[in-house]
Amino acid sequence: MNKNLLLEKICSIQTEYKILLEKIVDIISADDISNPILDEISIFWTTNQEIVDLYLRNLSSSQDVYAFTAATFLDLDLFEHYPFMLLGDVHILDDQVSIYANVVANCGDPDFLHRVKKQIINSVTNNIQILSKYGNHILILPLRSLNKDHQKLIQKNSTNVFLDLFKNKPKSIQEYFTTYETIDDICSGLRNELEKSLILSDSDDPSKAFRERLELALNDDLLSIDGIGLDGSKFFAAIYGFIYQALDVILSCSTYNIIPYLRYGVAYHYVLFLSQNFSEIKEIMQIIFKCRLARSFYKQFDNDRIQDVDFEQFCMVVKESNFYSDLLSAFPDQSLEKQSAKEVHQIVRGKLDEFYCVLDKR
């Protein structure tokens with residue numbers, strides 16, 4: 001299919017999706033999001049799956065595509081869409097509504113479902129805003145829920161990575177649950193070199209003793225859901241979830257040669273941590289390097305500098321200044337080994353300062 005026709009079809013799908021979301025936004029609440037409503041969203045993307053897959057596979061190899069993923073939503077109030085537009089040629093928001101719809105369909109815990117449904121409402125509202133105001137620049141597509149065949153592969157590899165965290169690797173998850181029930185079991189069984197490599201929660205402080213960190217993490221209310229009682233079960237629920245998400249991001253993005261733009265620090269940590277398993281695959285390591293670039297931009301971007309700058313004007317300055325190609329020219333060796341995080345931060349800081357000066361002159 002002609003690439004222009006594909007893009008036209010994708011734009012048409014974006015319009016249809018906006019209409020669907022506007023239809024349901026006024027009839028949903030955290031107390032009442034019916035399965036038929038969520039099914040409508042799942043059916044919509046299932047119906048359009050082949051076109052979306054074809055579009056992503058036919059993106060030009062000369063274009064860099066960035067996907068805002070592994071986050072609840074793109075926060076427009078905090079101007080997160082501005083730094084996102086600094087990088088690459090095509091910008092995709094990984095549709096979290098689609099992911100949450102699948103979560104709701106497979107979970108029966110009322111308290112957890114209530115929290116998820118709140119996130120669905122936020123995501124639906126956010127999606128409508130993006131499609132209404134910024135649809136010319138940002139596409140909303142179900143990147144991580146597009147290929148359901150991947151899920152079994154991700155599940156299998158996530159299980160293997162989790163079990164490999166222990167000195168005496170359990171043969172199965174069932175054996176893990178019977179062997180590691182308490183904090184003492186986990187602390188004594190975990191491979192020593194991994195204690196600082198594992199991030200346990202959003203607020204985790206790796207400089208503290210692992211046992212102290214683990215006790216804090218296991219007392220998190222988010223782990224107080226039905227079916228999770230023993231500390232070993234809670235540890236599995238937390239860490240396995242992070243591993244699964246990171247592998248999902250790596251596999252989904254590498255399938256289409258898309259670069260993950262990660263706001264969520266824990267997700268970024270585990271993507272970087274697990275990327276070591278793909279060190280021999282050049283294409284994936286280039287994606288991970290640009291992921292590091294994106295993370296540096298997110299962390300260092302000064303939102304105060306652009307609060308009064310019109311978004312369209314901002315995008316025009318980015319394009320006319322050839323910002324992204326100039327940035328990449330500063331990294332002739334796009335390698336995690338050859339450029340440390342500190343070096344990347346320094347170069348990004350310099351490029352941002354140059355960009356602010358150009359922006360101020362407009």
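## Working through cysteines, rings and a sheet

Cysteine 315 is buried, with a relative accessible area of 10% (buried means under 20%, exposed over 50%, partly exposed in between, with a 1.4 Å probe and protein chains only). Keep in mind that this is a predicted model, where local features need pLDDT of at least 70, side-chain atom pairs count only at pLDDT 80 or more, and totals for chains, interfaces and linings use all residues. Residues are numbered from 1 along each chain as its sequence is written, and side-chain values use heavy atoms, leaving out hydrogens and water.

**Exercise 1. Work out how many disulfides there are, then check cysteine 291 and cysteine 315.**

Step 1: set the cut-off, a pair of cysteine sulfur atoms within 2.5 Å. By that rule, you get zero disulfides.

Step 2: look at cysteine 291, which is in no disulfide; its nearest cysteine sulfur belongs to cysteine 253, 8.1 Å away. Cysteine 291 counts as buried, at 1% relative accessibility.

Step 3: go back to cysteine 315. Its sulfur is 15 Å from the closest cysteine sulfur, in cysteine 11, so that's too far for a bond.

**Exercise 2. Classify the ring pair of phenylalanine 236 and tyrosine 240.**

Step 1: grab the rule. Rings of Phe, Tyr and Trp (its six-membered ring) pair if their centres lie within 6.5 Å; planes under 30 degrees apart are stacked, over 60 edge-to-face, and the rest tilted. The count comes to 33 aromatic pairs.

Step 2: plug in the values. Phenylalanine 236 and tyrosine 240 sit 4.8 Å apart centre to centre with 25° between the planes, which makes them stacked.

Step 3: place them. Both lie in helix H11 (residues 231-256), four residues apart, about one turn of the helix; helices (H or I, at least four residues) and strands (E, at least two) are DSSP runs, numbered from the N terminus.

Step 4: check burial. Phenylalanine 236 counts as buried at 15% relative accessibility, and tyrosine 240 does too, at 13%.

**Exercise 3. Find the strand order of the open sheet and name its edge strands.**

Step 1: strands pair if DSSP finds at least two bridges between them. Four strands line up as E3-E2-E1-E4, with parallel pairing.

Step 2: strand E3 (138-141) and strand E4 (258-262) are the edges, each pairing on one side only.

Step 3: zoom in on one pairing. Strand E1 (residues 65-69) and E4 run parallel over five bridges, and threonine 69 has leucine 262 in E4 as its bridge partner.
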